[in-house]
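Reader: I would like to talk through the charged pairs and the nonpolar core of this protein. Could you take me through them step by step?

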Amino acid sequence: MYWDNVQKPVIDAAIAEFQEAHPHIRVNSTIVPWGQYWQRLQTTMVGGTAPDVFWMNVPNFPRYAENGHLMNLQPYLDAAGIDVSVYPHDLVERYRLNGDVHTVPEQFDTIALAYNRRLFDEAGVAYPDEGWDWNTLREKAALLTRDRPSGRQYGFIANSDSQAGYYNFMVMNGGRIISEDRKESGFRDSGSIEAIQFLVDLMYTDKSAPPGQELYELNNPLDLFVSGNAAMTTIGSWSVPVVYGALGEDVNVAPLPVSPATGERRSIIHGLGWAGSARTRHPEETWLLLEHLISREFAARLAAEAITIPGYEGMADAWIEAIPSMDLQVFIDAQSYSWPYPVSRNTSEWMSIETREMRDVWLGAREVSEAMATIAEEMDRVLAAE
């Protein structure tokens, strides 16, 4: 079970190869959309019908691992002689429980600024580069905003997604999401509050970014961008196939603009992985499929199809070369200024509070400082209970 339709052709091909090599094993795959994925996984875990193999991510790993839901992959990795150093070290460490690996990273993700070359050319605005800061972004977004017969063209989309959007602005502005010891919220930090206010001002003061209501009426915040109705937005590397598929050579990426307050550029880094059910009735078969999905060959296919940045070492160049018209090296370079995705034991609990409050902020229904104070207070309560 997994959640991304973009990977379906590659995963289907891998399963077909696996079944040809192991004709006695039948594999059924299910795609559950992101919005329902974790509820479905939790329900199947409790009901004893969990998939044998499934995607896991860093925020949810502690809860599933510590509750005994994940297969300990370390004995299998050791027996197969698989060296986990070929996967990103920081991610492998995030997927350990008591020193043993329980999830193997399939990919890693970083964030960049995507822009539409055609809209920049029509407005006579120079493309984004590494010299941009937030002030530049604000100025250019205003120049790229215009009313057209078909509707408003926005200069920028203030992405309402945390990982691909506002988290990056918070941490590069000197704020935090969570303290290093995971005991205190960073939503009360002045740098965090100022970062969110900057994004809100683009929506409601400058009106160069669509208001929250318009974003939430869409299936995806990217919809306005891929339809050619916005000139810029922030995206995760996993969205490259989507934006390129829609815009072709009109789309490119640049580094995120730096915070003028700190002079820093930060990108959230994360990566999902493959895990197995600790209660599977077919542990050996489960491992065989997992071994196939974490292989160099599978990673090479992900790279060649420009699906995502494979976690397997040495595959990034093939991913970059898959779309020559885009400067995909930007995502790889972002590792050097990356910031780890925030987690604690009960990440999902405080993130649900955050999602509720930030939605109100994006809708213009709550003041930034009030909403973030509420998040900080309730988040601290969750962290204290941990």
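**Salt bridges and core**

Author: Happily! Let us start with D189, which is buried, with a relative accessible area of 15%. Please keep in mind that this is a predicted model.

Reader: Which residue forms a salt bridge with D189?

Author: The closest N and O atoms of this pair are 2.8 Å apart, and a salt bridge needs them within 4 Å. The pair links distant parts of the chain, 13 residues apart, with both partners in the loop between α8 (162-172) and α9 (190-204). The partner of D189 is R176.

Reader: Is R176 buried or partly exposed?

Author: Buried means under 20% relative accessible area, and exposed means over 50%. R176 has 24% relative accessibility, so R176 counts as partly exposed.

Reader: Thanks, that is clear. Where do K8 and D12 lie?

Author: The side chains of K8 and D12 meet in a salt bridge, at 2.6 Å from N to O. These two residues are four residues apart, about one turn of the helix. Both K8 and D12 lie in helix α1 (residues 8-21).

Reader: And why does K8 count as partly exposed?

Author: The class between buried and exposed runs from 20% to 50% relative accessible area. D12, the partner of K8 in the salt bridge, is partly exposed too, with 29%. K8 counts as partly exposed because its relative accessibility is 35%.

Reader: How far apart are the closest N and O atoms of R96 and E93?

Author: R96 counts as partly exposed at 24% relative accessibility, and E93 is partly exposed with a relative accessible area of 37%. R96 forms a salt bridge with E93, and their closest N and O atoms are apart by 3.0 Å.

Reader: Which residues are linked in a network of salt bridges?

Author: The structure holds 18 salt bridges. Some of them join up into a network, whose members are R356, E357, R366, E370, E378 and R381.

Reader: Now for the nonpolar side. Which helix gives the largest share of the largest nonpolar core?

Author: In soluble globular proteins, nonpolar side chains tend to be buried together. Here the largest nonpolar core has 128 residues, and M56, F156, Y167, I196, M232 and W362 touch the most other members. The largest share of this core, eight residues, comes from helix α18 (residues 368-385).

Reader: Which residues does I196 touch, not counting residues up to four places away in sequence?

Author: I196 is one of the core residues that touch the most other members. Beyond its sequence neighbours up to four places away, I196 touches Y166, M170, M358, V361, W362, V368 and M372.

Definitions and conventions: Residues numbered from 1 in each chain as written. Predicted model: local features only at pLDDT ≥ 70, side-chain atom pairs only at ≥ 80, totals over all residues. Heavy atoms only, no water. Buried < 20%, exposed > 50% of the residue type's maximum accessible area, 1.4 Å probe, protein only. Core = buried A, V, L, I, M, F, W, Y, C linked by side-chain atoms within 4.5 Å. Contact = heavy atoms within 4.5 Å.
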